[in-house]
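Q: Hi! I have a new model open on my screen and would like to talk it through. Could you help me get my bearings?

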Amino acid sequence: MGLKYSSKINKIRTFALSLVFVGFGIMYLGIFFKEIVWLMSIFMILGLLSVVLSTLIYFWIGMLSTKTIQVVCPNCNKPTKILGRVDACMHCNEPLTLDKDLEGKEFDENYNSKQYQKEQQEQQ
Ligand SMILES: [Zn+2]
């Protein structure tokens with residue numbers, strides 16, 4: 001089985017972290033334009049926005065974490081968090097599900113989409 005999936009919370013965290021670096025990168029670029037005040041200001045504001053956005057995403061992860069269900073991963077025996085119907089273990093990326101109907105099925109992130117669930121119900 002190809003375990004190319006990673007936990008959603010980890011993915012969002014990685015995104016938020018990269019946003020911080022992008023933000024600081026943009027602000028750093030602004031230093032090269034310190035002769036041109038308006039251009040430097042734009043770089044500084046854009047960089048600051050990225051950092052602020054990533055902070056907001058971190059808060060959002062915090063909110064999401066309260067909605068996750070904590071389980072012990074059957075593969076690595078570490079506690080992990082599940083978000084949505086299917087998710088991957090945060091430690092070993094083992095696909096996990098809370099839905100008995102999906103047990104043993106191919107891991108598919110589509111199971112989390114509302115549209116997909118609607119289509120499934122219409123077929124039944
Ligand atoms: Zn695991």
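Q: In what order do the elements of the protein run from the N terminus on?
A: Happy to help. This is a predicted model, and its elements run α-α-β-β-β-β-α from the N terminus. That comes to three helices and four strands.

Q: And how spread out is the protein next to a compact globule?
A: The protein is more spread out than a compact globule, because its radius of gyration is 20 Å, well over the 14 Å that the globule rule gives for 124 residues. The C-alpha trace spans about 65 × 35 × 30 Å along its principal axes.

Q: What percentage of the 124 residues is buried?
A: Buried residues make up 14% of the 124.

Q: Back to the helices for a second. Which residues does UniProt list for "transmembrane region"?
A: The UniProt entry, which is unreviewed, lists residues 12-31 and 37-61 under that name.

Q: What's the secondary structure of residues 12-31 in the model, and how far apart are the ends?
A: Residues 12-31 are 100% helix and 0% strand, with the end C-alpha atoms 29 Å apart.

Q: And residues 37-61?
A: That span is also 100% helix and 0% strand. Its end C-alpha atoms lie 36 Å apart.

Q: New topic: which residues make up the largest nonpolar core?
A: There are five: I82, A88, C89, M90 and L96.

Q: I'm curious about M90. What does M90 touch, leaving out residues up to four places away in sequence?
A: M90 touches S7, I9 and N10, and also T80 and K81.

Q: What about contacts across the whole protein: of those with a separation of 6 or more, what share is between residues 24 or more positions apart?
A: Residues that far apart account for 43% of those contacts.

Q: Something else caught my eye. What's the phi of N77?
A: N77 has a positive phi, near 60 degrees, and is a residue other than glycine. Most residues other than glycine have a negative phi.

Q: Where is N77, then?
A: N77 sits in the loop between β1 (69-72) and β2 (79-82).

Q: Is N77 buried or exposed?
A: N77 counts as exposed, because it has 9 C-beta neighbours inside 10 Å, and the cut-off for exposed is 12 or fewer.

Q: What about N93, what is its phi and where does it lie?
A: N93 has a positive phi of about 65 degrees, although it is not a glycine. N93 lies in the loop between β3 (86-88) and β4 (95-97).

Q: Why does N93 count as partly exposed?
A: Because N93 has 19 other C-beta atoms within 10 Å, while a buried residue needs 20 or more.

Definitions and conventions:
Residues are numbered from 1 along each chain as its sequence is written. This is a predicted model: local features need pLDDT of at least 70, side-chain atom pairs count only at pLDDT 80 or more; totals for chains, interfaces and linings use all residues. A nonpolar core is a set of buried Ala, Val, Leu, Ile, Met, Phe, Trp, Tyr and Cys residues joined through C-beta atoms within 7 Å. Two residues are in contact if their C-beta atoms, placed from the backbone, lie within 7 Å. Helices (H or I, at least four residues) and strands (E, at least two) are DSSP runs, numbered from the N terminus. The radius of gyration is taken over C-alpha atoms; the globule rule is 2.2 Å times the number of residues to the power 0.38. UniProt positions are given in the numbering used here, feature names are shortened, and annotations may be inferred rather than shown by experiment.
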